Each structure stands twice: as structure tokens, then as C-alpha cells.
Amino acid sequence: MRELQALLEYLVKHNADHAGEILELAARAESLGKPRVHEHLVRGVELLHQSNKSLQAALAELGG
């Protein structure tokens, strides 16, 4: 059980770290005049945040 909790905690942080990196890429795409690429990347970050909400709910169910 503790291993599962630890893995979920890791994944939540890992996703959050990647979300920050993706937002940096989105800003670069926008500065390069690629608004559609920017939009796709921002949407990807939104989906990562939604994923993290589900992972956090699973973690809460485990008591973590």
C-alpha cells in the first residue's frame, strides 16, 4: 500500500514538473508566431492538471 501511495505522489509531482516545462515550450511557440502550437500545448497542460486531480483522488482514497 505504501509503495502505491509513494508512486502516486511521485507521479503527481512528475506531472506538475512536466506541466511547467510544457508551458515554457508554449511560450516559445507563441514567440515564434505559432499560436496553434501554443494552444495545443496549453491544452495539454490543462489535461495534465485534470489527470493530477484524478491521481490525487486515488491517493486520497488510499489514505495518503
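Reader: What makes Leu 32 a loop residue?

Author: Its place in the chain. In this predicted model, helix 1 covers 2-31, and Leu 32 sits in the loop between helix 1 and helix 2.

Reader: Why is Leu 32 called exposed?

Author: Exposed means over 50% relative accessible area. Leu 32 comes out at 68%, so it counts as exposed.

Reader: How far is Leu 32 from Leu 4 in space?

Author: Their C-alpha atoms are separated by 41 Å, with the two positions 28 residues apart along the chain.

Reader: Lys 34 is in that loop too, I gather. Why is Lys 34 called partly exposed?

Author: Right, Lys 34 is found in the loop between helix 1 and helix 2. Partly exposed is the band between the buried limit of 20% and the exposed limit of 50%. Lys 34 has 47%, so partly exposed is the label. As for its surroundings, the C-alpha atoms of Lys 34 and Val 45 are 17 Å apart, at 11 residues along the chain.

Reader: Let's move into the helices. What makes Asn 52 buried?

Author: Buried means under 20%. Asn 52, which is found in helix 2, has a relative accessible area of 7%, so it is buried.

Reader: Which residues does Asn 52 touch, leaving out those up to four places away in sequence?

Author: Leu 11, Val 12, Asn 15 and Ala 16. A contact needs heavy atoms within 4.5 Å.

Reader: How do you know that the Asn 52 side chain makes a polar contact, and what does it reach?

Author: The side chain of Asn 52 reaches the backbone oxygen of Val 12 at 3.0 Å. The cut-off for a polar contact is 3.5 Å, so that pair qualifies.

Reader: What about Arg 43: why is it partly exposed?

Author: Arg 43 lies in helix 2, residues 35-62. With 40% relative accessibility, it falls between the two limits, so it counts as partly exposed. Arg 43 and Arg 2 are 32 Å apart in space, C-alpha to C-alpha, and 41 residues apart in sequence.

Reader: And His 18, why does it get its label?

Author: His 18 belongs to helix 1. Its relative accessibility is 31%, so His 18 also lands in the partly exposed band. Its C-alpha atom is separated by 8.6 Å from that of Leu 48, although the two residues are 30 apart along the chain.

Reader: Now the whole chain. How many helices and strands does it have, and why is it called more spread out than a compact globule?

Author: There are 2 helices and 0 strands. The globule rule gives 11 Å for 64 residues, while the radius of gyration is 15 Å, well over that, so the chain is more spread out than a compact globule. The C-alpha atoms fill a box of roughly 50 × 15 × 10 Å along the principal axes.

Reader: How much of the chain is buried, and what supplies the exposed area?

Author: Of the 64 residues, 19% count as buried. The chain exposes about 4700 Å², with 60% of it from carbon and sulfur atoms.

Reader: What share of the contacts between residues at least 6 apart joins residues at least 24 apart in sequence?

Author: That share is 63%.

Reader: And where do the charges sit relative to each other?

Author: The chain has 7 positive and 9 negative charges, and their mean positions are 6 Å apart.

Terms used
Residues are numbered from 1 along each chain as its sequence is written. This is a predicted model: local features need pLDDT of at least 70, side-chain atom pairs count only at pLDDT 80 or more; totals for chains, interfaces and linings use all residues. Side-chain values use heavy atoms; hydrogens and water are left out. Helices (H or I, at least four residues) and strands (E, at least two) are DSSP runs, numbered from the N terminus. The radius of gyration is taken over C-alpha atoms; the globule rule is 2.2 Å times the number of residues to the power 0.38. Buried means under 20% relative accessible area, exposed over 50%, partly exposed in between (1.4 Å probe, protein chains only). Accessible areas come from the Shrake-Rupley method with a 1.4 Å probe; for residues, only the protein chains shown count as cover. Lys and Arg count as positive and Asp and Glu as negative; His and the chain ends are not counted. The place of a charge is taken as NZ of Lys, CZ of Arg, CG of Asp or CD of Glu. A polar contact is a pair of N or O atoms within 3.5 Å; within protein, one must be able to donate a hydrogen and the other to accept it, and residues adjacent in sequence count only if both atoms are side-chain atoms.
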